[in-house]
Amino acid sequence: MNKLTDQIQAEVNKVVLGKEDIVRKVLLAILAQGHVLLEDVPGVGKTTMALAFSKALGLETKRVQFTPDTMPSDIIGFSLPEQGRMVYQPGAVMTNLLLADEINRTSSKTQSALLEAMEELQVTVDGVTRPLPKPFIVLAT
C-alpha cells in the first residue's frame, strides 16, 4: 500500500489494538467504495473502529443505534409541512460514514430502507429523489 493508506491504518491502529488485519480489510472496503458488516462479540471495539476511520479520513459521521422501533424515516428522512409546503428533514443516511450499530435488531422494513440507500446511493421521499453525500459508506455491526 502507499504512504497515505499506511498513515490511515496507523491512525486507526492507535485506538484499535490487535486488529491490524481487520483494519486493513475495512480500509480496502472503504477504498473500493463498499460497505462493511463487522461481526464480533460485544465490547471488542467495532464502534471505536468505525469512529476512528471517520476521524482518520475526515468524514462526517452519524451513528444510529438500531432498535426494534427504529423507523425507515429515521434512516432516509421525512417531510414536514411548513408554511404551506413540505420541507425535507434529512435522515441519518445524509452523511459520509454511517455507523449502523446492531442492525440485526431492527425491523426488516428499516433494514430494507438502508439497503436501498446503500445500493442506489440516493433516497426518495415524497417523490423527490436526493443523492447521498459522496463518499457514502456504511459500517454496520
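These points concern a predicted model of a single protein chain and go from the overall layout to individual residues.

1. Overall content. The secondary structure of the protein chain comprises five helices and eight strands. Read from the N terminus, the order of elements is α-α-β-α-β-α-β-β-β-α-β-β-β. The chain therefore opens with two helices and ends with three strands, in the assignment used here.

2. Extent and burial. The C-alpha trace spans about 55 × 30 × 25 Å along its principal axes. The protein chain has 141 residues, and 40% of these count as buried.

3. Contact range. Among contacts in the protein chain with a separation of 6 or more, 65% are between residues 24 or more positions apart.

4. Helix α1, geometry. Helix α1 covers residues 3–15, which makes 13 residues. From first C-alpha to last, α1 reaches 19 Å, close to the 18 Å expected at 1.5 Å a residue.

5. Helix α1, buried side. Which residues of α1 are buried? They are T5, I8, Q9, V12 and N13. Viewed down the axis of α1, these buried residues fall within an arc of 130°, so they line one face of the helix. The elements they pack against are α2 (20–31) and α3 (46–57).

6. Helix α1, other side. K3, L4 and K14 are exposed, and they lie on the other side of α1. L4 also takes part in a contact at the start of the helix: a side-chain oxygen of N2 comes to within 2.9 Å of the backbone nitrogen of L4.

7. K46. This lysine lies in helix α3, one of the two helices against which the buried residues of α1 pack. Is K46 buried or exposed? The relative accessible area of K46 is 17%, and the cut-off for burial is under 20%, so K46 counts as buried. Setting aside neighbours within four places in sequence, K46 is in contact with L38, E39, D40, V41 and T141. A reader inspecting the surroundings of K46 can start from that list, which includes the acidic residues E39 and D40.

8. Aromatic rings. How many aromatic pairs does the structure hold? The count is zero. A ring does appear in another kind of arrangement, with the charged end of R130 sitting over the ring of Y88. The distance from the charged end of R130 to the centre of that ring is 3.9 Å.

Terms used: Residues are numbered from 1 along each chain as its sequence is written. This is a predicted model: local features need pLDDT of at least 70, side-chain atom pairs count only at pLDDT 80 or more; totals for chains, interfaces and linings use all residues. Side-chain values use heavy atoms; hydrogens and water are left out. Helices (H or I, at least four residues) and strands (E, at least two) are DSSP runs, numbered from the N terminus. The expected span of a helix is 1.5 Å times one less than its number of residues. Buried means under 20% relative accessible area, exposed over 50%, partly exposed in between (1.4 Å probe, protein chains only). The arc is that of the directions from the helix axis to the C-beta atoms. Contact means heavy atoms within 4.5 Å. A polar contact is a pair of N or O atoms within 3.5 Å; within protein, one must be able to donate a hydrogen and the other to accept it, and residues adjacent in sequence count only if both atoms are side-chain atoms. Rings of Phe, Tyr and Trp (its six-membered ring) pair if their centres lie within 6.5 Å; planes under 30 degrees apart count as stacked, over 60 as edge-to-face and the rest as tilted. A charge sits over a ring if NZ of Lys or CZ of Arg is within 6 Å of the ring centre and within 35 degrees of the ring normal.
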